[in-house]
Amino acid sequence: MHKINKLLQPLVGPIVAIFLGLLAGSIAILVAGGSIAETYSEMWKGAFGSFYFFTSTLSRATPIILIGMGAVIAFRSGFFNLGAEGQMVLGGLSAALVGLYLPGPAWFVCIAALLAGVIAGGLWSAMAGYFDVRFRVNLLITTLLLNYIATLFAGYMVAYPFKDRSGSAAMAQSAMLDSGIWLPKLFKGMAVHAGLVIAVIAVIALYVYLTKSVSGYEARMLGGNPLFAVYGGIKRTSLMITTMFASGGLAGLAGATEVLGSQYRYIDNAFSSADYAWTGIMAALLANANPLGTAVAAFFLAALQTGGMGVELNTEVPLEIGAVIQAVLILFITVKFTLSFWKRRKGRNHDGSTA
Amino acid sequence: MLLEMERITKSYGDVKANRGIDYNLKAGEVHAIVGENGAGKTTLMRILYGMEQPSSGMIKLKGKEVFFADPKEAIRHGIGMVHQHFMLFPNFSVAENIVIGKEPGKVRFDRKTAAAQVEALSNAYGIKVDPWAKAGDCPLGVQQRVEILKVLHQGAEIIILDEPTGVLTPLEVRELLDAIKALTLKGKSFILISHKLNEVMSAADRITVLRDGEVTGTLEASQTNVEQLSKLMVGRSLAPAIKRPSSPKRAVLELNNVSLFGSGSKPLLDSISMNVRAGEIVGIAGISGNGQSELIQAIAGLLAPDQGSISLLGANVTGRSARELRDAGLAHIPEDRYIWGANKSATVAETGMMGHQRRLQRFGLMRGKEIKTLVSDWIQQYSIKAGSLDNQTQNLSGGNLQKLIVARELAQNTPFLIAAEPTRGVDIGAMETIHEQLLRKRDGGGAILLVSSELSEVLKLSDRILVMYEGKIAGELQVSDATEEKLSLLMAGGKRNAQDQ
Amino acid sequence: MDQLLDLALFNSALRVLTPILLAALGGALCARAGLFNVGLEGLMLIGAFTAIVGNHYFSNTALAILFAIACVSIFSLLFAYLSIHLQANVIVVGIAMNFLALGLTTFSLRTIFHVKGAYHNKEMIGLPKWELPLIKDIPVVGDILSGQSPLVYLALVLAGLLWYYFYRTIGGFRFLAAGGNPLAARSIGIRVRRYQYGAVLACGVLCALAGAQLSLGQVTMFTEGMTAGRGFIALVAMMLGQSGPLGVVASSALFGLMDSFSIRLQGLSLPSHFTQMVPYAVTIVAMFFFKDKGFLKDAQSSGSSSR
């Protein structure tokens, strides 16, 4: 009995939060003049209603999972990397450019493009980490502000030097990639592509890294109490830069898989308007930065979004209903956070060091 | 009777911090409370000061029952408390610190009047302070005067002093005791909480001894002695530690002119030269805040010195990282187990394996079984009450966590060990275990640098004693020549006097 | 260069610095109460949106602003409850607040106005431009100062008031005490939480005003995510200004000037992408001059703080 309780206990928080999120969603539906039952059933259909919808949810979840993993590795080490959007954008742009201009066999170009995405996102993120360790510039704020710079820069690149001049000239986008280097689809005619496999591998690798490896242990200790970690001989500087590189690299990889697997070109604002980056960060927050939980949360949030599209198509309720539910979820999850590992140190009168 | 506390009981869950404590105080009296760490002294005072509410029992002031929901009400009833860790605002002026809570003026804060009030107060009670000085810049003795003036300004009749002498120089202690005397003549009453029996004997009229949350005796100071008190405190006579004479060999750690400038006007460390040899314990004595923390951090690789060199086992390690120092042969019991020594949210095993993780790996993966065996062995050997290895570190009591940290660092089996405040805030049993282990390491040829603010600990364990004062080594004594008096003088900066004696 | 630097530049700088200044003052209040409020951006966004909603329903700017204040206060109370009462990590709550603001405003934009992206209505009246008597006739100063929305003047007055509160009143003295050393403040019976709640609520009001200046003072419209990082720039302005009201005014002025300078640069033939980057880049560069405490000190103080 006790064991079952222990297993179920971590689920109580998320279930309550999901319930409250759906409740808030219901209120929003009523305000928008829709029917709750109809809206939620459309949402379910839009996300899981058929194999086609299910695979598009999976396809949407792919970059969110990857970004979530990037957030997990940073958060667990105690670094608030909120720069996933910029890192993803630069990753996507680099992958597109390498895909367009690197000569060589298709499989080679594809892998090189993915790597270019990782490197671009990773370096952009590691730069913020470097600023923090070297110049003590607040990481949370630099990563945030770098988002704007990265998005504007990528926008410029596809609006001027690398603009696609073949088709409709109005769109700021790069030229289309050669179909040989596209990531293969997992099922014929369905949206989900090999990026999902990469994402699943990333989840497993990160899980093993955090729970089993020495370096993962050191990262977690650094996140829990940096002074303890440094005292114990953990090198904060190098761990921070590599962690930030990995975190941004995963976001860059998300951008690269999205370009190579779904969009086949870099389109200005495509990532930002789909809100991949912030959803990925939210997934990590929802799951208490646990890799497996984050993957599940990413899938769930993707379902909310694809479900929201179904809602918009078939009812009066706008698709942003998904955004409302998400936001309420995350707010109530912060309460759960309080009870677990983000907990602030309480007064020091329990520790017995004063008598 | 001015104050009566009757049958006070306080429980936190299953733990009873106070059980049926009776305590009373007469006007103009100093009534001390003594007891070991965890005996319940602080809890009792927090109850009196309204910071905690008793589970049962009652408090009577001048015969009338009172109930304090928060400190504000206790203050209103004329109870003031000077906390062990001063409750000052370092960026505010002395006057601001004293008048806070009862500031002159309606909306606008009249700082001039405040300074005048403080001036008047300080003259009335003969406690000298400069109202315009910045509190954070004042020496600790002055800061304590500020605290006392603050409670007097609040109109306190009963003043609680919680471990008031811990951070004071001997001269400041004497001044404090004189001030207490003078104030009792003006009708103020004092509750003095301390574990230093000598001071209690000289300052108090009556003494109440607590052990495990219970009163084990209330005695007239004139009719008791230190031995009787310590027996009541501990519940048994203490066996003196047996220490064999040391036979130090080659120097393991050497510091040459190490300085650390910091941002203030005075350097934090001022040309420190010293060494620690194999097979000896070198004690660093000093009032806390005289550079000991910085010295530890500089040696342990947590702060790079601005000048000078440090060598470990003959190799120059100046400015090296903590990792490199540990690899070179250093282990370190940190001065604060929560800030440096543990990750509260990690498991016992995870806190325990810190520093050992790179030894216990294969292809970058942790060897879980061996780690578990290792930590379990320590738990047995040091009889640590840890629950399971997956228990969260924050659930361990202070003494048990300290034992875990000591075990972890001794298991490194390094030639050199820093032991900073190794027994701060632990009970007598844990203290005996830790002392025994440190001496065993020394006898096995280890070099130990012991830093402690408890003179008795330094005297008990060290072979050689260095005294730090304002970032300098103020003097060095062999333990055979060292007495509390000589050390106290050096700790107060009175270098010459000590050497003349 | 004549085109780039003239009096109108300073006039527009005053206009664009106002939202940053207001939010930064709110952030400074929170910071001085011991809460690092990352949610400024979200609160400001809600303020901007609800100001437009209020304007739409009441057709009165004063009522619109009051409506915005009321709405933002609800959200700042939520922030306060989660971070003060439930002791949730303030940074996580702040981030969540930003999500909530973005999600809710986008959703409400669709449900209330049935538009996507932006809402603009020619019949809506924005904030009036006040010509200041006397001052407007002073040559240079008049050109810069006069003809702004009332919120611009209010922001400057509030900065002064905050300074007076902090450094001249008993309440402000206790406020600083409560934030500076909560443990010590509590020991003399100061109700620290009360001050923290007050700070967060006041911050909400200031962010509501900041948002209203964005949506009613400059353009009279609302676009999704129209704060565009100004909340974070305000956060940096607050840090650069060391959370002191006067310092915050100075650093906000720097950012305002840069912002209006970047708008001006668009008149040249530079691609707008680069001119739009200027405020963010300047903010990052500015942070290099402000040394954060460094993690060692930071971790030590958070380890010993009481909250």
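Begin by selecting helix H4 (residues 111-125) and helix H5 (residues 140-153) of chain B, which pack with their axes 11 Å apart and at an angle of about 100 degrees. That angle makes H4(B) roughly perpendicular to H5(B). What you have open is a predicted model, and each stop below should be read with that in mind.

With both helices still selected, show the side chains at the crossing: B:Val118, B:Leu121, B:Ser122 and B:Tyr125 come from H4(B), and they meet B:Leu149, B:Leu152 and B:His153 of H5(B). Coloured by class, this contact has five nonpolar and two polar residues, and no charged ones.

**Chain B as a whole**

Now widen the selection to the whole of chain B, where there are 17 helices and 22 strands. Its radius of gyration is 24 Å, close to the 23 Å that the globule rule gives for 501 residues, so chain B is as compact as a globular protein of that length. If you orient the C-alpha trace of chain B along its principal axes, the trace spans about 70 × 50 × 50 Å. Of the 501 residues in the chain, 49% count as buried. Among the contacts in chain B between residues at least 6 apart in sequence, 65% join residues that are at least 24 apart.

**The six-stranded sheet of chain B**

Next, select the open sheet of six strands in chain B, whose order is S6-S7-S8-S3-S9-S10 and whose pairing is mixed. The edge strands are S6 and strand S10 (214-220), each of which pairs on one side only. Looking along the sheet, you should find a twist that averages 20 degrees from one strand to the next.

Start at the edge with strand S6 (residues 79-82) of chain B, where B:Ile79 and B:Met81 point one way while B:Gly80 and B:Val82 point the other way, all of them being buried. S6(B) pairs with strand S7 (residues 158-162) of chain B in the parallel sense, over four bridges, and within S7(B) the residue standing opposite B:Gly80 is B:Ile159. Moving one strand further, S7(B) and strand S8 (residues 189-194) of chain B run parallel and are joined by five bridges; here B:Ile158 has B:Ser189 in S8(B) as its bridge partner.

Then add helix H1 (residues 41-48) of chain B, which packs on this sheet and touches strand S3 (30-35), S6, S7, S8 and strand S9 (206-211) of chain B, its direction making about 150 degrees with that of S7(B).

**The four-stranded sheet of chain B**

A second open sheet in chain B is made of four strands in the order S12-S11-S14-S15, with antiparallel pairing. Strand S12 (269-277) and strand S15 (315-316) stand at the edges with a single partner strand each, so one side of each is left without a neighbour in the sheet. At the S15 end, strand S14 (residues 307-312) of chain B runs antiparallel to S15(B) and is joined to it by two bridges, in one of which B:Leu312 has B:Ala315 as its partner.

**Across to chain C**

Show chains B and C together and select the residues that touch: 16 residues of chain C are in contact with 18 residues of chain B. On the chain C side, the elements that give two or more residues are helix H7 (170-180), helix H8 (182-187) and helix H13 (295-304) of chain C, and H7(C) gives the most, with four residues. By class, this side has seven nonpolar, eight polar and one charged residues.

Within chain C, centre the view on C:Gly27, which is found in helix H1 (residues 7-32) of chain C. Is this residue buried or exposed? C:Gly27 is buried, with 32 other C-beta atoms within 10 Å. Leaving aside neighbours within four places in sequence, its contacts are C:Asn37, C:Leu40, C:Cys203, C:Ala234, C:Leu235 and C:Met238. C:Asn37 lies ten residues from C:Gly27 in sequence, with the two C-alpha atoms 6.1 Å apart in space.

**Last stop: chain A**

Finally, select chain A, which has 14 helices and zero strands. Of its 355 residues, 61% count as buried. Residues 24 or more positions apart account for 76% of the contacts in chain A with a separation of 6 or more.

How values were computed
Residues are numbered from 1 along each chain as its sequence is written. Chains are lettered from A and ligands numbered from 1 in the order in which they are written. This is a predicted model: local features need pLDDT of at least 70, side-chain atom pairs count only at pLDDT 80 or more; totals for chains, interfaces and linings use all residues. Axes are lines fitted to C-alpha atoms, for helices over the stretch in contact, and angles run from 0 to 180 degrees between N-to-C directions. Angles under 35 degrees count as roughly parallel, over 145 as roughly antiparallel, 65 to 115 as roughly perpendicular and the rest as oblique. Two residues are in contact if their C-beta atoms, placed from the backbone, lie within 7 Å. Ala, Val, Leu, Ile, Met, Phe, Trp, Tyr, Cys and Pro count as nonpolar, Asp, Glu, Lys and Arg as charged, and the others, Gly among them, as polar. The radius of gyration is taken over C-alpha atoms; the globule rule is 2.2 Å times the number of residues to the power 0.38. A residue is buried if 20 or more other C-beta atoms lie within 10 Å of its own, exposed if 12 or fewer, and partly exposed in between; C-beta atoms are placed from the backbone. Two strands pair if DSSP finds at least two bridges between them.
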